[in-house]
Amino acid sequence: MLRIHFTPEDMTRVRVAKGPDFLWEITNSVQTLQRRDGERVFGDWRRWVRSRPPESRRLLSPLLPPYGYSPDFLTPASGDHGTLQAAVDALLGTPLSRLRTELTLLARSRRLPGWTRALAEGDREVLARLGDAVASYQAEVLVPHWRHVRAGVEADRAHRLRSLMDGGTEGLLASLGPHARWRPPVLEVACPVDQHLRLAGRGLVLQPSFFCWPAPTTLADGALPPVLVHPIRHTDGWASPSREAHAQDRLGLLIGRTRAELLRAARNGCSTVEAARMLQVTHPAVSQHMNVLRAAGLVTTVRTAGRAFHLVTAEGRALLSAGHRGPGAEPAAGGGP
């Protein structure tokens with residue numbers, strides 16, 4: 001059990017990460033790839049990766065076992081990384097003392113390849129190879145699915161923010177179940193090891209993660225900036241090639257690809273800024289497409305403090321549901337002829 005201890009000051013310093021963290025998604029996915037559970041969620045994705053095993057996986061897997069301890073330096077907590085390169089630079093800037101300490105801890109639980117000794121000594125060539133492996137893994141394994149990763153994480157963030165608005169910080173913390181339970185002033189998180197994390201006024205970052213599975217995780221070193229990485233809800237069959245093609249082609253042909261993506265983004269609620277970041281389009285473009293979707297009765301928009309927050313209507317949800325059913329599928333219960 002992980003027990004996170006809050007002070008009154010910490011309750012005012014809880015925040016939800018703005019989007020997926022590159023390095024947490026990489027580390028969690030390398031670990032999940034080596035596991036066998038979660039077949040319903042990750043089975044198709046695992047088979048897709050194993051059919052084209054990247055060289056980067058061979059380098060990263062020994063550092064990221066599917067169970068037990070893994071080094072904290074692979075997920076540096078230096079704030080929100082705007083780009084993958086910034087995240088990799090933070091990783092490569094790990095102090096030598098931390099490299100040695102954490103790799104020594106890892107070596108106690110498993111046999112490591114010989115090159116990790118040079119890594120523990122801060123060898124520049126080996127560090128460069130590790131940085132290249134991280135970047136290559138992201139490009140080869142995660143980028144083809146990054147649309148799902150970003151959409152899933154940002155949908156979870158919208159859900160957490162609604163919990164915060166409805167119930168304050170305690171409501172936000174209580175929303176992290178079923179693997180977490182808020183028992184003031186302690187957040188109890190299901191974890192294979194016993195650990196106490198005392199925030200002591202530092203606050204806590206909640207980081208939704210697409211590949212975190214099956215329970216939340218955190219850094220092993222409690223002296224590092226506190227973060228709780230937790231799983232999100234997944235759409236069944238998200239990595240199925242046939243489902244992806246059917247859903248995207250039909251809905252995209254009907255209302256246009258960008259509007260289809262915006263409709264999916266608004267299923268769990270999103271702001272104009274979040275939608276623009278998710279789809280990598282301009283804010284005016286989002287506003288223009290949302291105007292069309294709103295005029296068609298597919299989304300509704302709430303404006304507060306100068307920000308626009310978009311939510312799918314019942315009609316929009318029906319259209320999304322129809323887009324996910326395969327050709328010839330039966331209509332949903334209660335649907336029309």
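**Exercise 1. With which residue does Asp37 form a salt bridge, and how far apart are the closest N and O atoms?**

Solution. The model is predicted, so local features need pLDDT of at least 70 and side-chain atom pairs count only at pLDDT 80 or more, while totals for chains, interfaces and linings use all residues. Residues are numbered from 1 along each chain as its sequence is written, and side-chain values use heavy atoms, with hydrogens and water left out.

Step 1. A salt bridge is a side-chain nitrogen of Lys or Arg within 4 Å of a carboxyl oxygen of Asp or Glu.

Step 2. The partner of Asp37 is Arg35, and the closest N and O atoms are 2.6 Å apart.

Step 3. Burial is judged by relative accessible area: buried means under 20%, exposed over 50%, and partly exposed in between (1.4 Å probe, protein chains only). Arg35 counts as buried because its relative accessibility is 9%, whereas Asp37, at 28%, counts as partly exposed.

**Exercise 2. Describe the salt bridges of Arg13 and Arg47.**

Solution. Step 1. The structure holds 14 salt bridges.

Step 2. One of them joins Arg13 to Glu9, with the closest N and O atoms 3.0 Å apart. Arg13 is partly exposed at 44% relative accessibility, and Glu9 is partly exposed with a relative accessible area of 41%.

Step 3. Another links the side chains of Arg47 and Asp44 at 3.2 Å, N to O. Both residues lie in helix α2 (residues 39-50), 3 residues apart, about one turn of the helix. Helices (H or I, at least four residues) and strands (E, at least two) are DSSP runs, numbered from the N terminus.

Step 4. Arg47 has a relative accessible area of 46% and is therefore partly exposed; Asp44, at 32%, counts as partly exposed. Together with Glu39, Asp44 and Arg47 are linked in a network of salt bridges.

**Exercise 3. Is Gln195 buried or exposed, and which residues does Gln195 touch?**

Solution. Step 1. Gln195 is found in strand β5, which covers residues 195-198.

Step 2. Gln195 counts as buried because its relative accessibility is 16%.

Step 3. Contact means heavy atoms within 4.5 Å. Not counting residues up to four places away in sequence, Gln195 touches Met1, Leu2, Arg3, Thr218, Leu219 and Ala220.

Step 4. The side chain of Gln195 also reaches the backbone oxygen of Leu219 at 3.2 Å. A polar contact is a pair of N or O atoms within 3.5 Å; within protein, one must be able to donate a hydrogen and the other to accept it, and residues adjacent in sequence count only if both atoms are side-chain atoms.

**Exercise 4. Place Leu251 in its surroundings.**

Solution. Step 1. Leu251 lies in helix α9 (residues 241-255).

Step 2. With a relative accessible area of 3%, Leu251 is buried.

Step 3. Apart from neighbours within four places in sequence, Leu251 is in contact with Gly256, Ala260, Arg264, Leu319 and Leu320.

Step 4. Leu251 and Leu320 are 69 residues apart along the chain, and their C-alpha atoms are separated by 7.8 Å.
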